[in-house]
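Student: I would like a close look at a single part of this model, the way its strands are arranged into sheets, with attention to the side chains and loops that go with them. Could you take me through that in one connected account?

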Amino acid sequence: RDGRTLHAVRRASKGAARPDLFSHLRELCSPVHESGKTAAQSIYSSLEALSTPEATKMAWTRLGKTCEAEGAVLTKVRGGSYPRHATNGRLLTTGLHVWEYEFTSAAKANGNRTMYVGVAQEGLDVEKGGHSKSGKAWYLRTDNGTLYGSGVAEASDQTPVEKCFVVGDKIGVTLNLGDGSLAFSKNGVLLAGGFPAGRLPGPVVGAVELLTVGQSLTLLKST
């Protein structure tokens, strides 16, 4: 099965059979068993290698007054507990793209782990958040794994995952603009679900929203 899946990935990288790519991955990885975990890591590495075009310099490109970026680390340093938008990388218009964040720290005061990672339309207000409500952003919520954005059920109708991501975890984002899908991974293992094909219109940029002072994400890879 792993061989058939890798074959599908290679075909997708050449512009063929893109709609089948994530269905093959979900078949392999959901539910995740130890054998599936090893295969999923292999598939994720293959996706990373096929990411097009090649990775550019890591950078947080837009952020508001409540956040600061020091190198690859983005931190919310002031303000109330309201989500604030920030972006990374350049505008993505076509192709397959993979990048990762490290969950670097939770909130100082209460350990809050609620952040949002994914993609958004370019040019959104960085002094505000909640852009998924207007259909302009597509996110995974880090503390419970629920999805926010058009094309999926309301978060209240989804099944949350307790402690989905904690400090030290790596949050992977796989964007396929060939079929309009968005998938997420935890420490290199693809998660079930995500935004199915046809849900994401391009162009978009990598995007996050931090909620509470002290929360931080480190950009590990960016396309």
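Tutor: What follows goes through the two sheets in turn, together with the cores, loops and charged pairs that belong to them.

The model is a predicted one, and its protein chain contains three helices and 13 strands. Of the 223 residues in the chain, 47% are buried. Among contacts between residues at least 6 apart in sequence, 69% join residues at least 24 apart. The chain exposes about 10000 Å², and carbon and sulfur atoms supply 50% of that area.

One open sheet has six strands in the order 1-4-12-6-7-8, with antiparallel pairing. Strand 1 (60-63) and strand 8 (147-148) stand at its edges with a single partner strand each, so one side of each has no neighbour in the sheet. Within this sheet, strand 6 (residues 115-120) and strand 12 (residues 204-210) pair in the antiparallel sense over six bridges, and the bridge partner of glycine 118 in strand 12 is alanine 207. In the loop between strand 11 (189-190) and strand 12 lies proline 203, which a cis peptide bond joins to glycine 202, with omega at about -5°. For background, most peptide bonds are trans.

The other open sheet to consider has seven strands in the order 2-3-13-5-9-10-11, again with antiparallel pairing. Its edge strands are strand 2 (67-70) and strand 11, each of which pairs on one side only. Strand 10 and strand 11 are joined in the antiparallel sense over two bridges, and here lysine 186 stands opposite valine 189 in strand 11.

The loop between strand 10 (181-186) and strand 11 holds asparagine 187, a residue with a positive phi of about 50° although it is not a glycine. Asparagine 187 is partly exposed, at a relative accessible area of 37%. Lysine 163, in the loop between strand 8 and strand 9 (170-176), also has a positive phi, near 50°, without being a glycine; this lysine is exposed, with a relative accessible area of 52%. As a general matter, most residues other than glycine have a negative phi.

The nonpolar side chains can be taken next. The largest nonpolar core has 30 residues, of which Tyr101, Leu175, Leu182 and Leu217 touch the most other members. Two or more residues of this core come from each of strand 4 (84-92), strand 5 (96-105), strand 6, strand 7 (137-141), strand 9, strand 10, strand 12 and strand 13 (216-221). A second, separate core consists of six residues, including Tyr116, Ala120, Ala137 and Ala207. In soluble globular proteins, nonpolar side chains tend to be buried together.

A buried polar residue deserves its own place in this account. Serine 216 belongs to strand 13 and is buried, with a relative accessible area of 3%. Its side chain makes a polar contact with the side chain of serine 105 at 2.6 Å. Leaving aside neighbours within four places in sequence, serine 216 is in contact with Val73, Leu74, Thr75, Glu102, Phe103, Thr104, Ser105 and Met115.

Charged pairs complete the picture, and the count comes to three salt bridges. Glutamate 68 forms one with arginine 78, their closest N and O atoms being 3.1 Å apart. Because glutamate 68 lies in strand 2 and arginine 78 in the loop between strand 3 (73-76) and strand 4, this pair ties together parts that are 10 residues apart in sequence. Glutamate 68 counts as partly exposed at 41% relative accessibility, and arginine 78 is partly exposed with a relative accessible area of 40%.

Another salt bridge is formed by the side chains of arginine 141 and aspartate 143, at 2.6 Å from N to O, and both of these residues are buried. The side chains of lysine 186 and aspartate 169 also meet in a salt bridge, at 3.9 Å from N to O. Lysine 186 lies in strand 10 and aspartate 169 in the loop between strand 8 and strand 9, so this pair ties together parts that are 17 residues apart in sequence. Lysine 186 is partly exposed, with a relative accessible area of 26%, whereas aspartate 169 is buried at 10%.

Key. Residues numbered from 1 in each chain as written. Predicted model: local features only at pLDDT ≥ 70, side-chain atom pairs only at ≥ 80, totals over all residues. Heavy atoms only, no water. Pairing = 2+ DSSP bridges. Helix = DSSP H or I, 4+ residues; strand = E, 2+ residues; numbered from the N terminus. Buried < 20%, exposed > 50% of the residue type's maximum accessible area, 1.4 Å probe, protein only. Contact = heavy atoms within 4.5 Å. Areas by Shrake-Rupley, 256 points an atom, 1.4 Å probe, with all protein chains shown as cover. Core = buried A, V, L, I, M, F, W, Y, C linked by side-chain atoms within 4.5 Å. Polar contact = N/O pair within 3.5 Å; in protein donor to acceptor, adjacent residues only side chain to side chain. Salt bridge = Lys/Arg side-chain N within 4 Å of Asp/Glu carboxyl O.
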